[in-house]
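These are my notebook entries on a structure I had not examined before. I set down what I looked up, entry by entry.

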Amino acid sequence: MPLSLKQIAAPDVPLEADNITPARFTGQTPTGVEKMTIMHGSEPRHIGDFFSVTGQSDGTINLQGEHMGRVKFIGAGMSRGTIQVEGDVGEHLGAGMSGGEIRVHGNAADWVGPEISGGRIEIFGNAGHLVGSAHRGATMGMTGGEIIIHGNVRNETGNAMRNGLIAVAGNGGDFTGVNMLSGSIFILGELGIRTGAGMKRGSIVSLKDAQLLPTFSYSCTYRPGYMVLYLLHLRHVFSIGEEHLQGLYKRYCGDSVELNRGEILLYAG
């Protein structure tokens with residue numbers, strides 16, 4: 001039976017819950033978990049002040065509550081196990097995680113999976129700005145793993161992304177893949193403006209047409225074999241038509257103000 005944390009009190013300011021990970025809960029009893037420290041703003045408090053804890057530590061944590069959107073850093077630094085959240089979550093979900101899986105049955109605030117190196121994050125609602133991105137002032141964002149968003153995202157998805165997969169079933173915001181170094185971003189809906197600005201390498205794919213920056217040049221229209229493999233993988237979680245698997249894609253190379261080795265693929269159907 002997994003450990004279940006049910007929210008019993010709404011925090012006045014956001015909670016910083018970076019110690020809510022399966023590894024930190026290993027060997028802990030529910031009473032032991034309730035006595036662990038959590039930051040309420042600048043004030044240290046106990047987890048039990050805000051959550052009731054039941055179950056056993058088996059590598060899975062279930063979180064639920066009406067005010068989970070005020071809880072930040074859930075799963076930060078996570079290396080193994082599973083976290084499941086019923087409800088919305090706050091900023092910096094899974095920050096710096098290297099393994100394990102986080103599933104959120106709700107919406108996520110900004111900074112989903114910043115600088116992660118492995119593992120999997122799946123959001124069944126919408127997500128905010130800077131999914132899989134570098135922290136401000138850093139030069140490298142996501143370096144591995146995958147982030148799956150079933151809804152829409154906002155701006156700067158994959159900022160300075162170095163590797164891994166980000167897939168969004170809905171629409172993307174502006175500056176998708178800005179300063180991207182490598183990796184793959186799939187936006188199945190509409191792209192915002194300035195997609196791929198400053199990107200050096202990597203691939204951005206959309207199933208819709210888009211207006212691109214003039215620093216991206218048309219290369220060809222073809223059917224990329226590697227992209228079909230990605231779409232077959234994503235077909236397990238998204239609705240992807242056979243026409244998208246078999247169809248042609250327009251390839252644009254850029255950003256020419258950088259190395260000009262990135263690519264944006266737009267469905268030509």
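Entry 1, the loop between E16 and E17. I began with Asp255, which I found in the loop between strand E16 (249-254) and strand E17 (262-267). I note that the model is a predicted one. I then looked up the peptide bond from Gly254 to Asp255 and recorded that it is cis, with omega near -10°. Asn260 is also found in the loop between E16 and E17. For Asn260 I noted a phi near 65°, a positive value in a residue other than glycine. I asked myself whether Asn260 is buried or exposed, or something in between. With a relative accessibility of 33%, Asn260 counts as partly exposed.

Entry 2, Ala160. I turned to another positive phi, that of Ala160, which is about 60° although the residue is not a glycine. I placed Ala160 in the loop between strand E11 (146-149) and strand E12 (165-168). Its relative accessible area is 4%, so I entered Ala160 as buried, the limit for that word being under 20%.

Entry 3, Val89. I located Val89 in the loop between strand E8 (82-86) and strand E9 (101-105). Val89 counts as buried, at 3% relative accessibility. Which residues does Val89 contact, leaving aside its neighbours within four places in sequence? I listed Met68, Gly69, Val71, Ile74, Val104, Asn107, Ala108 and Ala109. For one of these, Ile74, I also looked up the spacing: Val89 and Ile74 are 15 residues apart in sequence, and their C-alpha atoms are 8.0 Å apart in space.

Entry 4, Arg120. I found Arg120 in strand E10, which covers residues 120-123. I looked up its exposure and read 19% relative accessibility; since buried means under 20%, Arg120 counts as buried. Not counting residues up to four places away in sequence, Arg120 touches Met97, Gly100, Glu101, Ile102, Glu146, Ile148 and Val237.

Entry 5, the nonpolar cores. I recorded a general point before reading on: in soluble globular proteins, nonpolar side chains tend to be buried together. In this model the largest nonpolar core has 51 residues, and those with the most contacts inside it are Ile47 and Leu63. Apart from that core lies another, of 17 residues, which include Ala167, Val228, Leu231 and Leu265. I then listed the residues that Ile47 touches, not counting those up to four places away in sequence: Leu5, Asn19, Ile20, Phe25, Val33, Glu34, Met36, Ile38 and Val53.

Entry 6, the whole chain. How many helices and strands does the protein chain have? I noted 4 helices and 17 strands. The radius of gyration is 19 Å, close to the 18 Å that the globule rule gives for 269 residues, so the chain is as compact as a globular protein of that length. I entered the box filled by the C-alpha atoms as roughly 60 × 40 × 25 Å, taken along the principal axes. Of the 269 residues, 51% count as buried. Among contacts between residues at least 6 apart in sequence, 42% join residues at least 24 apart.

Entry 7, surface and charge. I read an accessible surface of about 11100 Å² for the protein chain, and 46% of it belongs to carbon and sulfur atoms. Lastly I looked up the charges: the chain has 21 positive and 25 negative ones, and their mean positions are 5 Å apart.

How values were computed. Residues numbered from 1 in each chain as written. Predicted model: local features only at pLDDT ≥ 70, side-chain atom pairs only at ≥ 80, totals over all residues. Heavy atoms only, no water. Helix = DSSP H or I, 4+ residues; strand = E, 2+ residues; numbered from the N terminus. Rg over C-alpha atoms; globule rule 2.2 N^0.38 Å. Buried < 20%, exposed > 50% of the residue type's maximum accessible area, 1.4 Å probe, protein only. Contact = heavy atoms within 4.5 Å. Areas by Shrake-Rupley, 256 points an atom, 1.4 Å probe, with all protein chains shown as cover. Lys, Arg positive; Asp, Glu negative; His and termini not counted. Charge placed at Lys NZ, Arg CZ, Asp CG, Glu CD. Core = buried A, V, L, I, M, F, W, Y, C linked by side-chain atoms within 4.5 Å.
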